[in-house]
Amino acid sequence: MDREENVQHFLDLIKKSRRGKFKVYIGMIAGVGKSFRMLQEAHDLLDNGVDVQIGYIETHGRVGTEALLPGLPVIPRRKIFYKGKELEEMDLEGIIRIHPDIVIVDELAHTNVEGSLNEKRWQDVMTLLEEGINVISAVNIQHIESVNEEVQSISGIEVKERIPDSVLQEADEVVNIDLTAEELITRLKAGKIYKPEKVPIALNNFFKTENILQLRELALKEVALRVEKKVENEVVMGAGIRHERFLACISSREKTPRRIIRKAARLATRYNTSFVALYVQTPHESMDRIDLASQRHLLNHFKLVAELGGEVVQVQSKDVLESIVKVCKEKQITTVCMGSPGFQLPGVLCRIKGYRKFVRALAQASIDLIILA
């Protein structure tokens with residue numbers, strides 16, 4: 001390590017020590033009691049002389065949650081006029097100015113009103129942490145980017161507001177708020193989650209028992225994964241252990257590349273490592289030939305990779321498979337994730353031959369291959 005790197009390392013350590021601590025409550029679905037638990041914790045902290053304040057809480061009109069608000073110091077929300085309406089947002093600058101020891105920030109996946117300092121509330125939280133303010137926040141499993149498609153397959157609903165997995169990687173503590181499906185449905189029917197007129201709709205949609213069970217499993221796995229990663233980060237790895245690194249092979253198609261990216265990101269999180277997304281630009285998709293829709297899909301894929309903490313690599317080549325092998329060697333990849341190969345006529349025999357050569361090259365380099373349908 002040279003002098004400049006040594007100084008930067010020291011400055012990074014100082015910055016990290018000054019950074020606020022971050023605690024996240026994860027729930028499987030709305031109504032499990034995340035906001036309720038955060039307010040309970042705020043009262044406990046206040047009783048112990050800690051300077052804790054409410055930066056933003058969303059009670060959704062739930063009586064039990066609202067009953068916990070009296071006695072807690074609340075930082076007033078900022079009023080914004082947008083498209084002729086008066087809206088309220090968390091006052092990020094106000095929180096920084098008051099600078100409490102701990103601030104409660106609900107609805108981590110929330111999208112801020114246009115014109116706010118940050119586009120997303122999770123970005124507000126990162127700002128608060130950098131200011132040395134400790135944050136307690138909450139999010140439901142369906143808002144986590146890498147499990148978005150799993151949630152959609154379970155519920156049939158695409159969740160638009162999402163947070164990158166990297167946000168949870170920043171958390172010092174991740175806590176699961178767990179209820180059985182029976183307990184949750186009982187709460188729903190008792191009007192403790194939604195108003196009575198909304199209950200039948202909820203029971204027939206997101207709150208079906210089979211949905212709840214699968215979402216609960218996802219939430220439990222997510223929290224277990226975060227705990228495991230924390231343990232791994234604090235244990236020095238022994239010599240001779242294979243260091244996993246994943247490659248997502250993507251194209252300009254709309255849907256399959258997103259599944260491949262999320263799979264690679266999920267594996268990278270599981271193994272506490274990084275992933276690379278590779279796009280091989282063939283002459284067929286050169287800048288003067290690629291259509292606008294394909295360009296848009298690619299930009300969205302690159303953005304998703306960045307949000308999930310990956311690295312984008314673009315190369316120009318006529319031979320896609322050869323390029324994959326080359327990048328694997330350059331980036332020390334251990335596992336390749338890609339879509340199923342197409343063997344359409346004409347040239348099917350030549351393509352199969354090329355694919356066999358590709359698989360042999362990966363095998364010789366001890367690189368695993370995962371093919372997604």
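Reader: What does buried mean here, and which residues of strand β5 are buried?

Author: Buried means under 20% relative accessible area, exposed over 50%, and partly exposed in between, with a 1.4 Å probe and protein chains only. Helices (H or I, at least four residues) and strands (E, at least two) are DSSP runs, numbered from the N terminus. This is a predicted model, in which local features need pLDDT of at least 70, side-chain atom pairs count only at pLDDT 80 or more, and totals for chains, interfaces and linings use all residues. Residues are numbered from 1 along each chain as its sequence is written, and side-chain values use heavy atoms, with hydrogens and water left out. In β5 (residues 102-105), two side chains point one way and two the other way, and the buried residues are I102 and I104 on one side, V103 and V105 on the other.

Reader: Which residue is the bridge partner of Y56 in β5?

Author: Two strands pair if DSSP finds at least two bridges between them. Strand β2 (residues 52-56) and β5 run parallel and are joined by 4 bridges. In β5, the partner of Y56 is V105.

Reader: Which residue of β6 is the bridge partner of I104?

Author: Strand β6 (residues 134-140) pairs with β5 in the parallel sense, over 4 bridges. I104 is one of the buried residues of β5. Its bridge partner in β6 is I136.

Reader: What hand does the unit of β5, helix α5 and β6 have?

Author: Helix α5 covers residues 121-130 and forms a β-α-β unit with β5 and β6. A crossover is right-handed if, with the strands pointing away from the viewer, the path from the first strand over the helix to the second runs clockwise. By that rule, this unit is right-handed.

Reader: How far apart are the end C-alpha atoms of helix α11?

Author: The expected span of a helix is 1.5 Å times one less than its number of residues. Helix α11 (residues 256-270) has 15 residues, so it should span 21 Å. The distance between its end C-alpha atoms agrees, at 21 Å.

Reader: How many residues of α11 are buried?

Author: Helix α11 is mostly covered. Its buried residues include P257, I260, L267 and the arginines R258, R262 and R266. Of its 15 residues, the number buried is 11.

Reader: How far apart in sequence are the parts that R262 and E149 tie together?

Author: A salt bridge is a side-chain nitrogen of Lys or Arg within 4 Å of a carboxyl oxygen of Asp or Glu. R262 and E149 form one, with their closest N and O atoms 2.7 Å apart. Because R262 lies in α11 and E149 in helix α6 (residues 148-155), the pair ties together parts separated in sequence by 113 residues.

Reader: Is E149 buried, partly exposed or exposed?

Author: Its partner R262 is buried, with a relative accessible area of 5%. For E149 the relative accessible area is 25%, so E149 is partly exposed.

Reader: Which residues are linked with R262 in a network of salt bridges?

Author: The structure holds 18 salt bridges. Some of them form a network that joins R262 to E145, E149 and R162.

Reader: Which helix holds both E222 and R226?

Author: The side chains of E222 and R226 meet in a salt bridge, 2.7 Å from N to O. E222 counts as buried at 0% relative accessibility, and R226 does at 7%. An α-helix has 3.6 residues a turn, so residues three or four places apart point the same way. E222 and R226 are 4 residues apart, about one turn, and both lie in helix α10 (residues 209-233).
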